[in-house]
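Please open the structure in your viewer and keep the selection panel at hand. The stops below proceed one selection at a time.

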Amino acid sequence: MNILDYMRDNFIILDGGMGTLLQDAGLKPGELPERWNVTHPEEIIRIQKSYFDAGSNVVLANTFGANCLKFDDEELTQLINAAFDNARRAKAESTGKQEKFVALDIGPLGRLLKPYGDYEFEDAVSAYAKTVRIGAAAGADLVFIETMNDSYDTKAALLAVKENCDLPVFVSNAYGSDGKLMTGASPAAMVAMLEGMHADAIGANCSLGPDQLIGVMEEYLEYASVPVLIKPNAGLPRDEGGKTVYDVYPPEFSEAIKKLMEKGVRIAGGCCGTTPDYIKAVAEKAATLKPVPVTDKNRSLISSYTHVVEFGPSPILIGERINPTGKKRFQQALRESDIDYILGEGLKQADAGVQVLDVNVGLPEIDEPAMIERVAKELQAVTDLPLQLDTSDPVAMERGLRCYNGKAMVNSVNGKEEVMEAVFPLVAKYGGFVVALTLDEGGIPESAKERVRIAEKIIKKASEYGISKKNLIFDPLAMTISADTKAALATIEAVHEIRHGLGVNTSLGVSNVSFGLPSRNIITSTFFALTLEQGLSAAIMNPYSYEMMNVYHAFKALHDLDANCTEYIEYAQNLPAQVPAGSQSAGAASGTQGAGSTQGPGGKPAVSPLQNAIIRGLKEQAGNITRELLKENAPLDIVQQEVIPALDIVGKDFEEKKVYLPQLLMAAEASKEAFEEIKKEMAKSADGGGPKRCSFVIATVHGDIHDIGKNIVKLILENYGFDVHDLGKDVPEQTVVDKVVELHAPIVGLSALMTTTVPAMEETIRLLREQAPWAKVTVGGAVMTQEYADRIGADKYCRDAMETVRYAEEVEKSL
Amino acid sequence: MKEFIEKLRTGSLTGDERIIPIYCEYDEPDINRSEVLRYAGFPASVLRAKGKGKKDDSFCEVPTDEELAKRLDEVIGLAKGQFIYRLSYACAVLGRDDEGYPVLPFKQHSDDLKKNLENCRGVIILAATVGAGIDRLIRRYERTGPATGLLLQGMGAERVETLVDAFNDEVNRTCDAMGMKAHPRYSPGYGDLPITVQPDLLKLLEAEKRLGITLNASYMMSPSKSVTAVIGIS
């Protein structure tokens, strides 16, 4: 019998702990348990048989750590095959009468994935894939992914299973006492991602006892539309006279499981510290209960690697600013791969209060698939907001969906057959919540009725791919009223019909409605209010617009979506005193008061307001004053006469130890703010950026993942106007050389924090001497000393960022 | 731990005992602002100009820089609730090889550790972490707001050191009460004790499963604000 068929009407009893029983049988600390499949098969069979005898429906083959990071291919195959031979013997010899299955057990690789660790997502997928292929060939009935404490690692494992076999797959995560995974994911976030990728059962194991997991289980049961599993520890371990003892015993353990089964848990077993006695008790309790049916919870969810955003109950704001359309400065950032600028746009919108970030990086001369992957990964390293991947290129869409940590929002599909056939298979494979535009081969229908008809067509087609309507959100398209004054009415009606007639979520890019009219914000925000009243679930919008944010907060307060009006009051209290009517930008409203002080630190001679703002590290003021100055001064004059002298003052104070690193960086941040205004101004002119100083290639060497020092040096160099090319961290030797050759860069900065990576630095310098003999090399980092630098053949050792600036200036002069 | 130290004192341990990692969670310790600044690049001499080496907040001079003090407040606010305080430790009898080098449950051959563990009969091996939340925050700010990023780095370092200090104080007190002596804690990476001992040490403490600590290819720990150490007991 297939386990999925059996599971429909029955509880599934899993097995219990393995590790402690193996230790009792003589497994030494540090010895790999998987080797016992070959060296001590009788012990493995004995333990597994005792679980089958106790009533387990599923026993996990002894393959938890069987992966290619620990074993070579030959041994891996041998160990997994032996594991299944053993488990099958245990099954055959058991006297238990229940249905019995053997699962391929997959635990974490033990390497944390980027960005927090150094392991590549795709490498993890490949590593898991090897184990999956061997296990499937060895005759596994299902795959059991367990004890995963990172959502990205979980995705890698599940993807490997889906791509390499057709077996049912259960996925179980290890939660901390804060109810989150080690890397931050909530149970709901895991539900969203794992269901999207079609896991057959999901839940939690290890780390805690059954009572401490109640909260986690309740969250699973609230969101999950697939069976929920639990495999907890026998409480917490403690040392009692040289023996590990767990503090929950079979009667209490099985009672706790029983309570969870009554709430809806369908699959249960035990993890560390549990034995066949625990499983027997659980099986006996389960036999007295009727399984609670598994129902579709019909929740429209997307997730990041930490949390979910739900569509339906309350309107959701999707920030539209990561998009090059009509934005010169953003286009420039894309062309120059200025990722920091793009990240800045994301973070600013997060601060402005959006719940989702739209990511559109399509520009004709850009490799969009590569860019969307890069931006999605980088954004997920700095913000926990879920992303909406916005592209019309299916290749880019797949790249984005594959690397995304969580369940993404996808923008967009529409009623065209060709588009649906390209997009839906991707959503079916990776999971996703899809924006569907109500247009098709015939264009955008004028009437609401026709748009609803297209929506129905899309729902039908999606269901053929197993995508239910809870994972669709319709955009009935806001058309500009300056072209047709009936346009808004049709959209408003369509929102109502789709939401209330079809029962599906709706979204709009609202700002289009006011195109071509003066004071657009007035029209856009009123339209936003009208559509919200018709049930609009989400808007792709500009969060810097006060009018839009006003409507959003007021709507929630008026619709009983803001308990005690708390959010509204907080919002209102933080509004600037006077918002000019028809203001365009929330960011531009704060004044420049307080910037007039001319007293430098330590009684320095008077400095200008901008210099004062930079020296004191006042970001916002620096930006505002620069904006004012730009009205009357040439951008480059401001740089030469204001910014650089201010940086010199701070730089000198730093060198003289009057200020320290945090203050230097605060000044750098403030000057960056000033530069950002200047760049914006210059992007408007034809030459795009103006002259730059010489190029400077900077990298943390191969094997080293520390880049805080390097990032500081980079920032200060940029402030001084150098054309810095940052290759990041852990950069292969030849990559550095290639970039230097490509740019004919006169200067290279290499950073190493650990003694173990100095040889990589030496090798990089050697290759540079061979292939780029013109380049001067400066080195730095925690382990560097003048002596070290001399020994590995660097031109210069720079102690800190300011010394690097001085050296770069020196090199530039000598060119 | 108490039992172990007591048995060390009476000499009733054979060295054949199974080594069992014990897992604990701590409440949030108070924040020491001057330590945060020290880890963020302020020299101790500046911070302690008035306090003469005491680890105390009251004499921290830096807040005279109003903007910095404000930023530090912001950072402390940002990081609030981002920490967990987890620690795993194991007690082991200390053996000696023929040359007098300490024999521990993880392989090493270090002159400096040998010196540190002189006259010791047992050791407490520990791993501690304040979790990945702070790494996420650092990641977020180090590129877009590097001063904030730097202060977060400082705060993470201060947090994990304070956690280990709290545990170390417990060890010291327990030893004192029994007339034993705890030696200064010693970590891989100090002196000639290489960080290549980390895999064995972490495995021994079940650090991946209990604490979520993993190593990368160059033996660095994730979460980055994690500490491993050995405390000798004589």
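The model on display is predicted.

**First stop: the contact between the chains.** Select the residues at which chains A and B touch; chain A supplies 52 of them and chain B supplies 43. On the side of chain A, the elements that give two or more residues are strand E8 (237-240) and the helices H13 (339-352), H14 (368-382), H25 (661-684) and H26 (708-719). Colour H25(A) separately, as this helix gives the most to that side, with seven residues. If the chain A side is then coloured by residue character, 24 nonpolar, 19 polar and nine charged residues appear.

**Second stop: a parallel sheet.** Next, display the strands E21 to E25 of chain A, where five strands form an open sheet with parallel pairing, in the order E22-E21-E23-E24-E25. Which strands stand at the edges? They are E22 (723-726) and E25 (796-797) of chain A; each has a single partner strand, so one side of each lacks a neighbour in the sheet. Move to the E25(A) edge, where strand E24 (residues 776-780) of chain A pairs with E25(A) in the parallel sense over two bridges. Select Thr778(A) to find its bridge partner in E25(A), Lys796(A). Now add helix H27(A), which packs on the sheet and touches E21 (695-700), E22 and E23 of chain A. The direction of H27(A) makes about 175° with that of E21(A).

**Third stop: two residues with positive phi.** From H27 (733-743) of chain A, continue into the loop that leads to strand E23 (747-751) and select His744(A). This residue is not a glycine, yet its phi is positive, at about 50°. Is His744(A) buried or exposed? It counts as exposed because it has 11 C-beta neighbours inside 10 Å, and the cut-off for exposed is 12 or fewer.

Then select Asn298(A), in the loop between helix H11 (276-287) and strand E11 (300-303) of chain A. Asn298(A), also a residue other than glycine, has a positive phi near 50°. With 11 C-beta neighbours inside 10 Å, Asn298(A) likewise counts as exposed.

**Last stop: two cis peptide bonds.** Select Lys114(A) and Pro115(A): the peptide bond from the former to the latter is cis, with omega near 5°. Pro115(A) lies in the loop between strand E3 (101-106) and helix H6 (121-137) of chain A. Finally, select Asn411(A) and Ser412(A), which are joined by a cis peptide bond with omega near 15°. Ser412(A) is part of a strand, E16 (residues 409-414) of chain A.

Definitions and conventions:
Residues are numbered from 1 along each chain as its sequence is written. Chains are lettered from A and ligands numbered from 1 in the order in which they are written. This is a predicted model: local features need pLDDT of at least 70, side-chain atom pairs count only at pLDDT 80 or more; totals for chains, interfaces and linings use all residues. Helices (H or I, at least four residues) and strands (E, at least two) are DSSP runs, numbered from the N terminus. A residue is buried if 20 or more other C-beta atoms lie within 10 Å of its own, exposed if 12 or fewer, and partly exposed in between; C-beta atoms are placed from the backbone. Two residues are in contact if their C-beta atoms, placed from the backbone, lie within 7 Å. Ala, Val, Leu, Ile, Met, Phe, Trp, Tyr, Cys and Pro count as nonpolar, Asp, Glu, Lys and Arg as charged, and the others, Gly among them, as polar. Two strands pair if DSSP finds at least two bridges between them. Axes are lines fitted to C-alpha atoms, for helices over the stretch in contact, and angles run from 0 to 180 degrees between N-to-C directions.
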